[in-house]
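Let's take a walk through this structure together, going from a single pair of helices out to the places where chains touch. Keep the 3D view open as you read.

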Amino acid sequence: MNVETTISTDIAPLHFDQVRFEHRGHRLLMPTSVTFSGCRRTLIMGPNGAGKSLLMRLAHGLLRPSGGQVRWQGATPVQAMVFQRPVLLRRSALENLTYVLAIRRVPRAQRKARALDVLERFGLAALSKRPARVLSGGEQQRLALARAWLLDPSVLFLDEPTSALDPAAIKAVEDAVNAFHQQGTRIIMATHDLHQARRLADDIIFMYGGQALEHTPADRFFDIPHSPEAAAFIRGELVW
Amino acid sequence: MQKMTTMVTAGLISLSWSASLLAEDDFITLASTTSTENSGLFDAIIPAFTDATGIDVRVVAVGTGQAFEIARRGDADSLLVHDTAGEEQFVADGYATERQDVMYNDFVLVGPSDDPAGIRDSESAAEAFALIAESESPFASRGDDSGTNRAELRMWEDAGVTAQGEWYRELGSGMGQTLNTAAGMNAYTFTDRATWVAFENPQDLTLLFEGDEALFNQYGSLLLSTENNPYLKQDLANEWHKWLLSDEGQQAIADFEVNGQQLFFPNAK
Amino acid sequence: MSASDNPFYTALTLILGMDHRLFDIVALSLQVSLIAVALASLLALPLGAALALWRFPGRNIVIVMLNALMGLPPVVAGLCVYLLLSRAGPLGHWGLLFTPGAMVVAQVILVLPIIAALTRQQIESLHQEYAEQLHSLGVRPLRMIPTLLWDARFGLLTVILAGFGRASAEVGAVMIVGGNIDGVTRVMTTSIVLETSKGNLPLALGLGIILLSLVTLINALAHVVSEMAKRRLG
């Protein structure tokens, strides 16, 4: 963990070179070139169907581009992703975490202690033996974040992780995101919540109709958006 | 996962149990007919043989045709069937070295108690069969190439009729199943006496014709040849063969009764 | 109908009498079918899961064949095993024909396609849910198989029970390869056939009632165990 913090600014930049994506003849992502670098919190904004999730899945390697290149400049860093609806195994909260450690070949004797540590950290210690899938939505998302934490990622992707949660749960997720960031993790997160973006973002990528229209620092984005679509979005005139 | 482990362990234990069955060599496999098995004859005589020799006899009861096939493939150590012509051919073909008469019973004709074909007072079996064909009364045939089926076909031939038409129903079943079906259809059928006497579901069927010498049903024991079957337990099978023909074996057959009626008549020479 | 003609009465007297031979027959039936289902599961669960996860040329043909084999007539399976294990067959030197081992082999062949085909369906739908997450966690395909099998365990229990139902109910295969030998390979279903052919219908039906009760009992047990586990694990 400490080692990672000191080299955090050296996380390999991720380049999108004219990346496009098509599915069954529909072009879902227009040729896009963006770069994610440093240890920033980049929020991807835009209405539903703009291509936010697509961009993240391409970045994380869950999808292959139809054209162009997704390229890490240097060694591919450790990554994790938290989905809109958490996908948890049909096991206890604790076992969901020890599973990840087993995948990462952590010696069996260390798994339980490390998992319990992280559960404690995310306020889930009391629920360790509960089946993960009967937890509340907020608890499930926290467990998904705890699982990501165990991976010690250099880059964390979050796909609208708070869209189905109540305010208290949203707060917990945002705190966790900041905790990751303070540990030196690059954050790439999709949201359509303007307030959330104002609270978290270092810079913003604004997407509309399968195109990345802007990539600007957050304060500039909210004060003087380039595109009329972004301006309309900020005024709350674009339905999502 | 624990459940899985338990299941696998149980499986392995049980497999070793099957293996122990294989290891036990003091038995022979006897291919025989459903008529002998269904009547209960083997239950009565095998314990006596086992007591005398320590050899167990495992009976696979099938039609005579299938019994020949099992022996031909080397899956039986001994044969006890009732198709003298077929048995002699089996010896001639080199699958068996010896065939001996063991016992006989007889075939009978059963049918609906009101006897629509009027066979009750026939002079001969041939006449009874001719009457059934003439009146086109429903007749249930085994149709399975068993010894009984082969004997039945010879009867039609002797009667000089071709068994054909809607009234003649080939079932392709064993004796008991054929009796069940005949009872259900209220049809005539041709059966060995032993199965008939032991049969518990006759409904309206009754014994209508018996006693003609042509209905004689001879059982023979065959000593199989090792030539086609290197696994044959020849010594054990030989003991069984000899015991069947011995005074003890013949007496055990004579002593077997169902409902106070002797079903098999020993006639070893 | 007198009392002795009533199959329920017959079944009851058989059970209460704890007849030694009946007990052996019941035990052998359960033993053969349970071993067959355990062995078939051992092979078919990973096979079904692998088929759900891997895309390879001819995959659809394999799936269609597997689905079709679910309807394999027991007699045909029995005949194939008979020809295989017969002294004149390729595996004749094993000496398995007319033993419980041969019956296990035949039932494995009958049950394996059922468990594999149904497992594939279950695992495929679970995989749709898990695929992105497991990929994100860096789980390799080979490692996904045990993960998905374990997480689908409650559905798979039903699949295994379906296999057990097929195994314990069939008669065509065990009759041919077992030979229905008294005290050696005689099981519930072959006894029922035998008693029917003797015209002893109440006894045959009584045995049928006992068989059905046993299968019901096993299903009920599995149901209770799975419900308890579900409540505990979600």
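**Two helices in chain C**

Start with the pair where Ile123(C), Leu126(C), His127(C), Tyr130(C) and Leu134(C) of α5(C) meet Met144(C), Thr147(C), Leu148(C) and Asp151(C) of α6(C). Sorted by character, the residues of this contact are six nonpolar, two polar and one charged. Do keep in mind, here and below, that this is a predicted model.

How do the two helices lie to each other? Helix α5 of chain C covers residues 100-136 and helix α6 of chain C covers residues 141-151; their axes come within 10 Å and cross at roughly 125°. Angles over 145 degrees would count as roughly antiparallel and those from 65 to 115 as roughly perpendicular, so α5(C) is oblique to α6(C). The crossing of the two is right-handed. As for the spacing of the contact residues along a helix, it helps to recall that an α-helix has 3.6 residues a turn, so residues three or four places apart point the same way.

**Where chain C meets its neighbours**

Now turn to chain B, which puts 29 residues in contact with 26 residues of chain C. On the chain B side, the elements giving two or more residues are α1 (2-23), α2 (34-39), β2 (56-62) and α8. Of these, α1(B) supplies the largest share, eight residues. By character, this side of chain B has twelve nonpolar, 13 polar and four charged residues.

Helix α8 of chain B (residues 175-185) deserves a second look. Eight of its eleven residues are buried, so the helix is largely enclosed by the rest of the structure. The buried ones are Met175(B), Gly176(B), Gln177(B), Thr178(B), Leu179(B), Asn180(B), Ala182(B) and Ala183(B). After α8(B) comes Asn186(B), with a positive phi near 55°.

Chain A touches chain C too, with 15 residues in contact with 13 of chain C. Here β6 (79-82) and α3 (93-103) of chain A are the elements that give two or more residues. This side of chain A is made up of ten nonpolar, two polar and three charged residues.

**Inside chain A**

Finally, chain A itself is divided into domain 1 (1-78 + 153-240) and domain 2 (88-151). Their centres, taken over C-alpha atoms, are separated by 26 Å. Where the domains touch, domain 1 contributes eleven residues and domain 2 eight. On the domain 1 side, helix α6 of chain A (residues 167-182) gives the most, with four residues. That side of domain 1 has ten nonpolar residues, no polar ones and one charged.

Key: Residues are numbered from 1 along each chain as its sequence is written. Chains are lettered from A and ligands numbered from 1 in the order in which they are written. This is a predicted model: local features need pLDDT of at least 70, side-chain atom pairs count only at pLDDT 80 or more; totals for chains, interfaces and linings use all residues. Two residues are in contact if their C-beta atoms, placed from the backbone, lie within 7 Å. Ala, Val, Leu, Ile, Met, Phe, Trp, Tyr, Cys and Pro count as nonpolar, Asp, Glu, Lys and Arg as charged, and the others, Gly among them, as polar. Axes are lines fitted to C-alpha atoms, for helices over the stretch in contact, and angles run from 0 to 180 degrees between N-to-C directions. Angles under 35 degrees count as roughly parallel, over 145 as roughly antiparallel, 65 to 115 as roughly perpendicular and the rest as oblique. A crossing is left-handed if the near helix is turned anticlockwise from the far one by less than a right angle, and right-handed if clockwise. A residue is buried if 20 or more other C-beta atoms lie within 10 Å of its own, exposed if 12 or fewer, and partly exposed in between; C-beta atoms are placed from the backbone. Domain bounds come from an automatic or database domain assignment.
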